[in-house]
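Trainee: I am new to this structure and should like to learn how to read its interior. May we look at it together?
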Amino acid sequence: NGKTTTSYLIAGVLAAGGFPTGVIGTLGYSDGMQTEPAPLTTPTAPVLARWLERISQANCTHAVMEVSSHALAQSRVAGIEFDAACVTNVRHDHLDYHGTFENYLRAKGRIFDYLLPEGVAVINADDAGASEYLDTLQHPTLTIGLHNAAEISAQIIEQSISDQTFLLTAGSESMPVRTTLLGTHNVYNCLVAAAVGFAYGLDIASVVRGLESVGTISGRLERIECGQPFGVFVDYAHTPDALEEVLATLRPLTSGRLICVFGAGGDRDRSKRPWMARAVDRQADLAIITNDNPRSEDPSDIAQDLLTGFRQPARVSTIFDRQQAIQFALDMAEPGDTVLIAGKGHETTQTIGEEELHFDDREVVREALYQGAAGSPRYRWAV
């Protein structure tokens, strides 16, 4: 979790240090001037080679890549030598592909096989999965953390529904950072990016300037504001840990109820579904189960797997049509509430059976909210 946001934070830090940077990842492939859609988080080796050449020809000095566990298992980055390799965390995901958590952990760890001997490993010391690598690494290592001892650390000063401030500390230097990226998980993402900046010799002022230059990341706790008297956020969270983290971020910032719309992808890891529901059950006041990308799987079977994780099923509604589910959540919301629409984030399509249909959670929310603001009796505000 966190690769996409962290990659843009690293690019921001490097840019602040005078290093033009390209980005390759989930939200697209960019040479610093143009961005094209990303069929895969980490492209196949020939496509990757072409993009690295394109980034170089665009006079970028650096490239930041999201490297997925699938890409590592399939050797898509073979032949590349990294200056820095970062592990934000290793949580429950992709076990349909890797089989066991141990295999998943091992696949992630292969990134260090491509790290230059003098290259720097950046590890989250607070994450049990990521910390597994510390005993075996033969490279210079920078650790980041909020709780355990680490070379680069942070202390959260203030968090609100619109931004947060934390104190960044590296060695004997400290400096406050104000970011619109919400949540403790984004403080960790900022620390990883800061570590890369320090590895390249940037001073703390440049690092902070780079971190603060990054605003909203598409589909990552993206706030939808149409004048409504309650919060609405769209997030890509589709794992138990990501849901837990995002809901835990919004919980103390919500004076009313926390309402969560979510589902689970079909033809993917079934074992995580009850744990996704358990996270929602713990943190949300109301839950609406809906279709994510059911693919060839029966949506009723996916919903049933999710329902097994709820200890308070009376607070759960099931509405398979995602647009109707979102509308239902917005209809339920009252002043002071927060609505989280989780699972698809930046995605603009929905796969049902063999069909790939246009669907963007953010568009659906805005349409519904603007209709409400125009005077629909379902809503309680006007702009």
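Mentor: Certainly. Please keep in mind that this is a predicted model. Let us begin with a single residue, Val207, and its surroundings.

Trainee: Which residues is Val207 in contact with, leaving aside its neighbours within four places in sequence?

Mentor: Those partners are Val13, Leu168, Ala194, Gly197, Phe198 and Leu202. Val207 also belongs to the largest nonpolar core, a group of 34 residues. Together with Ile144, Ile152, Leu168, Phe198 and Leu211, Val207 is among the members that touch the most other members.

Trainee: Which elements each supply at least two residues of this core?

Mentor: There are helices and strands on the list: helix 1 (3-16), helix 7 (184-199) and helix 8 (204-212), along with strand 6 (115-124), strand 7 (141-145), strand 8 (152-159) and strand 9 (164-170). Helix 7 gives the most, with 10 residues.

Trainee: How should I read a strand such as strand 6?

Mentor: In a regular strand the side chains alternate between the two faces of the sheet. In this model, strand 6 is mostly covered, with eight of its 10 residues buried. Strand 6 pairs with strand 5 in the parallel sense over five bridges, and Val122 of strand 6 is the bridge partner of Cys86. Strand 6 also runs parallel to strand 7, joined by four bridges; here Asn124 stands opposite Ile144 of strand 7.

Trainee: How does one find empty space in a model?

Mentor: Rolling a probe the size of a water molecule over the atoms shows where empty space is left. One example here is the second largest pocket, with a volume of about 740 Å³. Of the 35 residues lining this pocket, Ala63, Val64, Met65, Phe82 and Ala84 are the closest to its centre. Helix 1, helix 2 (45-57), strand 4 (62-65), strand 5 (82-87) and helix 5 (101-109) give two or more residues each to the lining.

Trainee: Which element gives the most to the lining of the second largest pocket, and how do the residues of that lining divide into nonpolar, polar and charged?

Mentor: Strand 5 gives the most, with six residues. By class, the lining holds 21 nonpolar, eight polar and six charged residues.

Trainee: How many cavities of 30 Å³ or more does a search of the whole structure find?

Mentor: The search finds one. About 30 Å³ of space lies in the largest cavity, which is lined by Ala264, Ile289, Thr290, Asn291, Pro299, Ile302, Ala303 and Phe320. Helix 11 (residues 299-307) provides the largest share of this lining, three residues. The lining of the largest cavity has six nonpolar and two polar residues, and no charged ones.

Terms used: Residues are numbered from 1 along each chain as its sequence is written. This is a predicted model: local features need pLDDT of at least 70, side-chain atom pairs count only at pLDDT 80 or more; totals for chains, interfaces and linings use all residues. Side-chain values use heavy atoms; hydrogens and water are left out. A nonpolar core is a set of buried Ala, Val, Leu, Ile, Met, Phe, Trp, Tyr and Cys residues joined through side-chain atoms within 4.5 Å. Buried means under 20% relative accessible area, exposed over 50%, partly exposed in between (1.4 Å probe, protein chains only). Contact means heavy atoms within 4.5 Å. On a 1 Å grid over the protein atoms alone, a cavity is a set of points where a 1.4 Å probe fits but cannot get out, and a pocket is an open set with protein on both sides within 12 Å along at least five of seven lines; lining residues have an atom within 4 Å of a point. Grid points are joined across faces, edges and corners, and a volume is the space filled by probe spheres set on the points. Ala, Val, Leu, Ile, Met, Phe, Trp, Tyr, Cys and Pro count as nonpolar, Asp, Glu, Lys and Arg as charged, and the others, Gly among them, as polar. Two strands pair if DSSP finds at least two bridges between them.
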